[in-house]
Amino acid sequence: MVEIIAVFMLIGLIVIGILANPILVKQRHNRVKRRPFPPLWSAIIENHLPIYLQLSPDERRRLQGHIQVFLAQKQFIGCGGLQVTPEMKVTIAAVACLLLLNERGKYFPKLRSILIYPRTYFVNQTVATGNYVVEEKREARLGESWTQDQLILSWEQVEKDTGNWQDGHNVVLHEFAHQLDQEDGTANGVPILQRNSEYTVWAQVMTAEYQQLCDDIPRNVKTVMDGYGTINPAEFFAVATETFYEKPRQLRGKHPALYEQLQRYYQLDPVQWT
Ligand SMILES: [Zn+2]
């Protein structure tokens with residue numbers, strides 16, 4: 001009996017090894033990318049994502065490939081009576097995959113499902129209000145990214161944010177930036193960088209910029225980034241990502257060092273799209 005279990009475990013390990021083999025994974029992805037991109041999907045993206053037509057032909061082609069892999073891997077679940085449509089899936093995939101143009105070859109590996117609510121949704125939150133005293137609060141949410149395997153979005157907010165690509169607010173960019181940050185197991189504002197040598201400069205620049213925002217917001221200084229980024233370094237990275245994609249010119253003008261770090265990480269220059 002023990003031998004049979006051992007044989008099954010060995011076979012299981014071999015299968016997992018084969019499936020996780022990076023070369024085979026890449027080949028699988030490439031096969032999916034080679035499928036023709038459905039014209040309906042192109043129409044949805046052109047309709048919902050104004051920035052799409054500003055991308056270079058090469059960026060657009062690569063984005064389409066990533067969208068295909070993303071949609072083949074992720075499950076979408078409608079919540080609160082919402083019926084998930086191709087329009088919702090493709091729009092969310094297109095914005096999320098803008099974060100993958102750096103060709104790291106990973107597609108938010110921990111994420112399995114995207115839950116979509118029709119509009120703002122409410123969660124019951126337990127909040128400590130004193131020693132041994134907790135209160136149950138009902139909190140309104142537009143989106144959230146769980147370290148585990150789920151990400152939640154309000155479709156109303158997604159539509160609003162993708163249509164207005166200038167105000168530095170985008171719930172999809174925000175929540176998927178959290179996914180990138182959480183990929184190494186911790187949400188601390190430090191995603192996995194390409195080279196080990198890059199972490200020192202990243203930490204220096206991000207710490208200084210975070211501190212600057214934390215100083216400016218209480219003094220009512222007009223800032224390029226939203227004050228939500230002062231909550232903690234993880235929120236700072238998510239808000240900085242939204243700003244980088246939606247207000248690149250202002251961010252580069254006022255915070256060149258921060259822009260440079262994000263440009264290096266995302267391997268693109270959104271100023272070209274404006
Ligand atoms: Zn956040």
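Which residues touch the most other members of the largest nonpolar core? In this predicted model, that core has 56 residues, and the ones with the most contacts to fellow members are I92, A94, A96, C97, L99, L153 and V172. If you ask which element gives the most to it, look at α5, which supplies eight residues.

So let's start with α5. Helix α5 covers residues 86–97, and it packs against helix α7, residues 171–182. The angle between the two is about 60°, and their axes run 9 Å apart. At that angle α5 and α7 are oblique to each other, because the roughly perpendicular range begins at 65 degrees. As for handedness, α5 passes α7 in a right-handed crossing. On the α5 side the contact is made by I92, V95 and A96, and on the α7 side by V172, L173 and F176. Sorted by class, the residues of this contact come out as six nonpolar, with no polar and no charged ones.

V172 is a good place to pause. We have already met it among the best-connected core members and again in the contact of α7 with α5. Leaving out residues up to four places away in sequence, V172 touches I92, V95 and A96, and also L153, V158 and D161. Two of those names, I92 and A96, should ring a bell from the list of best-connected core residues, and so should L153.

Now slide along to another helix pair. Helix α9 (residues 233–246) packs with helix α11 (residues 256–266) at an angle of about 90°, their axes 11 Å apart. That makes α9 roughly perpendicular to α11. Here A240, T241 and F244 of α9 meet L258, Y259 and L262 of α11. By class, this contact has five nonpolar residues, one polar and no charged.

Just past that pair, in the segment after α11, sits Q267. Its phi is positive, about 55°, although Q267 is not a glycine. Is Q267 buried or exposed, or in between? It has 13 C-beta neighbours inside 10 Å, so Q267 counts as partly exposed.

F108 makes a handy companion, with a phi near 50°, again a positive value in a residue other than glycine. You'll find F108 in the loop between α5 and β2, the latter spanning 113–117. With 23 C-beta neighbours inside 10 Å, F108 counts as buried, since the cut-off for that is 20 or more.

On the other side of α5 in sequence, the loop between β1 (75–78) and α5 holds G81. G81 has 7 other C-beta atoms within 10 Å and is therefore exposed. Across space, the C-alpha atoms of G81 and I116 are separated by 9.8 Å, with their positions 35 residues apart along the chain.

One last stop is the loop between α7 and α8 (199–216), where N188 is found. With 13 C-beta neighbours inside 10 Å, N188 counts as partly exposed. Which residues does N188 touch, once those up to four places away in sequence are set aside? The answer is P233 and A234, and P233 is where helix α9 begins. K74 is another matter: N188 and K74 lie 114 residues apart in sequence, and their C-alpha atoms are 25 Å apart in space.

Conventions
Residues numbered from 1 in each chain as written. Predicted model: local features only at pLDDT ≥ 70, side-chain atom pairs only at ≥ 80, totals over all residues. Axes fitted to C-alpha atoms, helices over the stretch in contact; angles between N-to-C directions. Helix = DSSP H or I, 4+ residues; strand = E, 2+ residues; numbered from the N terminus. Parallel < 35°, antiparallel > 145°, perpendicular 65-115°, else oblique. Left-handed = near helix turned anticlockwise from the far one by under 90°. Contact = placed C-beta atoms within 7 Å. Nonpolar A, V, L, I, M, F, W, Y, C, P; charged D, E, K, R; others polar. Core = buried A, V, L, I, M, F, W, Y, C linked by C-beta atoms within 7 Å. Buried ≥ 20, exposed ≤ 12 C-beta atoms within 10 Å, placed from the backbone.
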